[in-house]
There are 2 protein chains.
Amino acid sequence: MNTFQFYSPTEFVFGKGTENKAGYYVKKHGGTNVLLHYGGGSAIRSGLLDRVKKSLDEENIVYTELGGVQPNPIDTLVYKGIEICRQKKIDFILAVGGGSVIDSAKAIAMGVPYEGDFWDFYCDKSPQVALPVATVLTIAAAGSEGSGDSVITKAEVGLKRGAGSDLIRPKFSIMNPELTCTLPAYQTACGATDIMAHVFERYFTNTTEVEITDRLCEAVLLTMIKETPRVIADPTNYEARANIMWAGTVAHTNIVGVGREQDWNSHGIEHELSALYDCAHGAGLAVIMPAWMEFVYKHNVLRFAQAAVRVWGCQMDFEQPENTAREGIIRFRSFLKSIGMPLTFAELGAREEDIPQLVEKFGIGNGKTGGFVKLSGSDIEQIYRIAVKPELINTPHL
Amino acid sequence: MNTFQFYSPTEFVFGKGTENKAGYYVKKHGGTNVLLHYGGGSAIRSGLLDRVKKSLDEENIVYTELGGVQPNPIDTLVYKGIEICRQKKIDFILAVGGGSVIDSAKAIAMGVPYEGDFWDFYCDKSPQVALPVATVLTIAAAGSEGSGDSVITKAEVGLKRGAGSDLIRPKFSIMNPELTCTLPAYQTACGATDIMAHVFERYFTNTTEVEITDRLCEAVLLTMIKETPRVIADPTNYEARANIMWAGTVAHTNIVGVGREQDWNSHGIEHELSALYDCAHGAGLAVIMPAWMEFVYKHNVLRFAQAAVRVWGCQMDFEQPENTAREGIIRFRSFLKSIGMPLTFAELGAREEDIPQLVEKFGIGNGKTGGFVKLSGSDIEQIYRIAVKPELINTPHL
C-alpha cells in the first residue's frame, strides 16, 4: 500500500425532503451571498429550484441565479459565473444539478479569487484558494458531490480537461434519491456506468497488497450490479435509487482508491468522444472502458481474474486464468448492454474515420500515459479500434 | 435505506514516517498551544513522542504534556486535563496513542469549554462546542482516529459510558502502520476483534434495502479475515498492518453504517466486563459478540445466513438456512480462536457468579435496549450465560 492523504470534509445530508434544508446548511457553512448555479429546465419544472430558493429565503440568504449549464459544461459559462461572483461579491456557490453543474460551480469557485485564467487549473496548476461550493444533487453519476474533481470543456477547441483539489470538495451535499426517480432509463444507465468506471479506474493497479481498497471497490461494483437493473426496470424504485446514489458518492470520494496507483486512461480516452460528439460521458465509457480492458488485461491476468470472480461471479479457471479474465470483460459488456448502453462506436454514433483526430486531440504526442499500463498514441488508437469492433463480446460469431 | 447525515471531516495522513509531519498538520489546522496527550511508556520508549515533539518544535508550536492514560481511560485524568487546558489556555489537543488516549483527549476537548461536568456528555447530553482534537495513531482497533465517539470509565464506580458528536471527530489523524509493527500478537488480535465488532454492530439491522452498506461492511470484514492471521504470524508485516489500519478507520467513521438502524448491545454488554475486570475491550468482545449472535440469530436467519455466505464463505443451505446462519457464528468463533482470542468467560478471567452484578451495572432496569433485537435485563443475563458456555463452538461434543 502506498502512502496517502485522504480528506473528504463534505457533510452529506441524505434522504427524502433534504433539499428543503439547503438554506440551513448554507448558513451553517458560512454562506451569506450565494451564486445559485443550475442547468436546464428539469430543476425548474420539477419545482426543485423553487424549494431550494424558499429554503434560502427562510434563512434570509441573498442569492443570484446563473442557470444554463449544459452536459459537458463549457468554459464560457464559467467565465460568466466568475464575473458575476466578482461583481456581486458572492461568498458561496450552491450547485443544484448533476456533475456538469457541480463541475461548473467548482471551476467558478477556483476562478473567482484567481488573477489568471481559471483554465490554468485544468492544465495542472493547483489552486491556492477557492470559494466554498455546495451541492443539491439530482443524478447519481459523476460523484462530483463528494470529490475534489471537476471536468470542463473548452468550447471553442472541443478540449475536455480535469482539475483536482481538496479545496473544491463541496462543503455539503444534499442528496435526495427521490429527485432521481424521474430520470429516464438511458440517463440513469449512463450514470451507473460512470460510477462503475470510477471504481474500475482505481481497481486496476500495479500497487500490490491493497486488499481493503480492492474489497471496497468490489463492494460498490456488486451494489451497482444488483441495483442498476432494478431502477431500469422501475425508475421509481426509491430504495434502489438510494443505494445507487450513495454508491456513486463512495465510488468517487477516493476512499476506495487511496494508497494505490490508479489509471484514468479510460476516462481520458472517453473525454475525446464526448467532446467531439457531445455524447453522454457514461455512454462513451460503456464503449471505451471494456475496450481498454480488452487491450490491457494481459498485463495482469490474475487481477482481471479476481475482478471476474469477485465482481462478476465467474468460476475461476485455475488451469487457464486468462479464460476467467476474458469472461469478466464479456460479462461487463453483457451487463452494460442489459441496461441499455452502447458497446461500439457505431452504437454510440462515433465514426471510425475520426479515430486519428481523436488520438491527435488526446494530445500525448510521442509520450506515454497511464498507471496500470502506460499507453502510447498508437495504443490509444488500437483501443478506439477495439471499440469499433470488440472481440470479447457476447454476440453470435459470424 | 433511512435518511442520514454523514460528516467525516478528518484529514487522514497515512504511511511511513508521517508522524514527522505532526507539527505541520497542527499548524495547518490552527493549533498554536497544544496539549500533548499520551499513555504509558511505549510511545516514549519507541522514540515516537520525541519525533512528534521535534516536529512541533520545528513549527514553533508550544505544548504541554499530559501522559499516563491507561487502557479503559478514566474520568480522573480527564478532569486533570481539563484543568491544565484551562490554566494554560490550550487551543488544540494532540493525542499520541490508541483509542484510550484519543477517547481521553476527546473527553477533555468537550470538557474545557463546558461549564458543567464533562460526564454529562457521557449521559446523553450533546456538546455545543469542543476544542479541536487530532491524533497520531499507534494501534488499529478503536477507530477513534476517524470517529466522533469516545468511551470513558468513571473510575470510582466502574461505569463505562460512551459519548458521540461530530465536534470531536479529529481534525487530522496521522497513521503510520510501522508504529503498530511492535505490538504483541494478543493486543493486535484484540484490536482486530474490535474492528470486526464495529462492523458487525452495524451489519445486523432491521433496516432493509441497504445493499451498499452491507457490501461495504463485508469488504472490511473480508479484509480483516485475510490480513489478521498474517500479522499474527508475522507482526512486522507492514502491508498487512497497513490494510488493517485503514480497515479499522473505515469500520468506524460510520461510512459503512449510514442509513440503517444499528445495534450496539454487544459493545454495551462487553463494556461491563472490561469495566469490572479491566480486561482488553477486544478480548471481551470476542467473548460477548458471538454470544450475542447466538442469542439473536433466529430474529433474522437469512441476514445471518448472508453474513455466513458472503463473509465466512459458507455454502448456503437453501433447505435449512438456519444451518448456514449457525455455521457463520461457528466460523466467527473459530477465527477468533485462531488469532488467540478467548471465547468464554473462563478464558477471559470473568466469573459466572458476577453475572447478576454485570446485568445490574448495565442498568436498564425493567426497560429494553437495542436496535436489531430489543433486549431486557433477563436477555442480557442469558447472553452472559451463553458466554460462559457457548453452544455454537467448534469443539468436540462430549
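Why is helix H9(B) largely enclosed by the rest of the structure? In this predicted model, 10 of the 13 residues of H9(B) are buried, so the helix is largely enclosed by its surroundings; buried here means under 20% relative accessible area, with exposed being over 50% and partly exposed in between (1.4 Å probe, protein chains only). Helices (H or I, at least four residues) and strands (E, at least two) are DSSP runs, numbered from the N terminus. The buried positions of H9(B) include Asn265(B), His267(B), Ile269(B), Leu273(B) and Tyr277(B). H9 of chain B covers residues 265-277 and reaches 19 Å from its first C-alpha to its last, close to the 18 Å expected, a span taken as 1.5 Å times one less than the number of residues. After the helix comes Asp278(B), whose phi is positive, near 55°.

Residues are numbered from 1 along each chain as its sequence is written, while chains are lettered from A and ligands numbered from 1 in the order in which they are written. Local features need pLDDT of at least 70, side-chain atom pairs count only at pLDDT 80 or more, and totals for chains, interfaces and linings use all residues, with side-chain values resting on heavy atoms and hydrogens and water left out. For chain A the mean pLDDT is 96, and 99% of its residues reach 70 or more; pLDDT is the predictor's confidence in each residue, from 0 to 100. The complex receives an ipTM of 0.96 and a pTM of 0.97 from the predictor.

Turning to the sheets, an open one of seven strands follows the order S4(A)-S3(A)-S5(A)-S6(A)-S9(A)-S2(A)-S1(B), with mixed pairing; two strands pair if DSSP finds at least two bridges between them. Strand S4 (62-66) of chain A and strand S1 (4-7) of chain B stand at the edges with a single partner strand each, so one side of each has no neighbour in the sheet. On average, neighbouring strands of this sheet are turned by 15° against each other, direction ignored. Within the sheet, S5(A) (residues 92-97) and S6(A) (residues 133-137) run parallel and are joined by five bridges, and Val96(A) stands opposite Val136(A) in S6(A). Helix H4(A) (residues 75-88) packs on the sheet, touching S3, S4 and S5 of chain A, and its direction makes about 160° with that of S4(A). Contact means heavy atoms within 4.5 Å, and angles run from 0 to 180 degrees between N-to-C directions, the axes being lines fitted to C-alpha atoms, for helices over the stretch in contact. Helix H5(A) (residues 99-111) lies across S3, S4, S5 and S6 of chain A at about 165° to S5(A).

A second open sheet, again of mixed pairing, has seven strands in the order S1(A)-S2(B)-S9(B)-S6(B)-S5(B)-S3(B)-S4(B). Its edges are S1(A) (4-7) and S4(B) (62-66), each with a single partner strand, so one side of each is left without a neighbour in the sheet. S3(B) (residues 33-38) runs parallel to S4(B), joined by five bridges, and Leu36(B) stands opposite Glu65(B) in S4(B).

Asp214(B) lies in helix H7 (residues 211-233) of chain B. This residue is buried, with a relative accessible area of 3%. Leaving aside neighbours within four places in sequence, Asp214(B) is in contact with Tyr203(B), Arg260(B), Arg303(B), Gln306(B) and Arg310(B).
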